[in-house]
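Work through the exercises below with the sequence and the 3D structure at hand. Each task is followed by a solution that proceeds step by step.

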Amino acid sequence: MLCVVEKFVSINGEGTRSGELSAFIRFKGCNLSCGYCDTKWANEENAPCTYYTFQELNEWVLNQNVLNVTLTGGEPLLCGEIYQLTELLGESGIRCEIETNGSIPISDSSKLIYRPSFTLDYKLPSSGVYGSFCEDNVNFLQKNDTVKFVCGSAEDLETADEVIRKYSLCDKCYVYLSPVFDSLKPDIMVEFMKKKGLNKVRLQLQIHKFIWSPDERGV
């Protein structure tokens, strides 16, 4: 059984499918506590949740008239049956994305028939959990995956640049820089990208936070 705190249909606010409709399934619980986390409520031990089988969740997605599903949290890779769900979704013709904090290995995904795309969040110094990234994950990245760097300071930008170059990430997958909302100004990030010649890196703004209140749930 999978513990879900909310499910809804909206647009993707970030990533390679930004602006496209997607069914979102948010799972309860996380193994990290980032300073900028905007879904801390979903990580609380007493957060209300509903238990579903992966068959029930697959049926719900199929009834939403969408092509995309985003599995998020919390930390979805903490769910033991998550790949059973992604295989069923893939078999049903749904394009599946997993948003993960990057601290949990994704190596088992290489054995799947319908491998989901991954968005891995590389935690930078201002997150408070710097060093949590599972470095082995870079060996299992594929072209449709994304490594995201959420930046809240000049130090974060410099660290992101070092990591991008160290692992040649732009040759492996999509790479995004995203500002901590209302913290680091996007124009500063653009100037940094110009200075460093980050030609294959994309600046990402979370568009759902411009459409709705940043604290709004279910969007």
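## Salt bridges

A search of this whole structure, which is a predicted model, finds eleven salt bridges.

**Exercise 1.** Find where Arg 26 and Glu 6 lie, and decide whether these residues are buried or exposed.

*Solution.* Begin with the contact itself: the side chains of Arg 26 and Glu 6 meet in a salt bridge, with N to O at 2.8 Å. Next, place the partners: because Arg 26 belongs to strand E2 and Glu 6 to strand E1, the pair ties together parts that are 20 residues apart in sequence. Finally, check the accessibility, which shows that both Arg 26 and Glu 6 are buried.

**Exercise 2.** Work out which parts of the chain are tied together by Glu 20 and Arg 95, and how accessible each residue is.

*Solution.* The first step is again the contact, a salt bridge between the side chains of Glu 20 and Arg 95 with N to O at 2.7 Å. Glu 20 lies in the loop between E1 and E2 and Arg 95 in strand E5, so the pair joins parts that are 75 residues apart in sequence. For the accessibility, recall that partly exposed covers the range between under 20% and over 50% relative accessible area. Glu 20, with a relative accessible area of 31%, is therefore partly exposed, and Arg 95 counts as partly exposed at 36%.

## Strand E4 and its surroundings

**Exercise 3.** Determine how strand E4 (residues 68-72) is enclosed, and which way its residues point.

*Solution.* Count the buried residues: five of the five in E4 are buried, so the strand is largely enclosed by the rest of the structure. Then sort them by direction: Asn 68, Thr 70 and Thr 72 point one way, while Val 69 and Leu 71 point the other way.

**Exercise 4.** Identify the strands that pair with E4, and the partners of Leu 71 in them.

*Solution.* Strand E2 (residues 21-27) pairs with E4 in the parallel sense over four bridges, and Leu 71 is the bridge partner of Ile 25. E4 also pairs with strand E5 (residues 95-100) in the parallel sense, over four bridges, where Leu 71 stands opposite Ile 98.

**Exercise 5.** Describe the unit that E4 and E5 make with helix H2 (residues 82-91), and how far this helix is enclosed.

*Solution.* E4, H2 and E5 make a right-handed β-α-β unit. Seven of the ten residues of H2 are buried, so the helix is largely enclosed by the rest of the structure. Among these buried residues are Ile 82, Leu 85 and Leu 89, and what covers the buried residues of H2 includes E4, E5 and helix H1 (54-62).

Technical notes:
Residues are numbered from 1 along each chain as its sequence is written. This is a predicted model: local features need pLDDT of at least 70, side-chain atom pairs count only at pLDDT 80 or more; totals for chains, interfaces and linings use all residues. Side-chain values use heavy atoms; hydrogens and water are left out. Buried means under 20% relative accessible area, exposed over 50%, partly exposed in between (1.4 Å probe, protein chains only). Helices (H or I, at least four residues) and strands (E, at least two) are DSSP runs, numbered from the N terminus. Two strands pair if DSSP finds at least two bridges between them. A crossover is right-handed if, with the strands pointing away from the viewer, the path from the first strand over the helix to the second runs clockwise. Contact means heavy atoms within 4.5 Å. A salt bridge is a side-chain nitrogen of Lys or Arg within 4 Å of a carboxyl oxygen of Asp or Glu.
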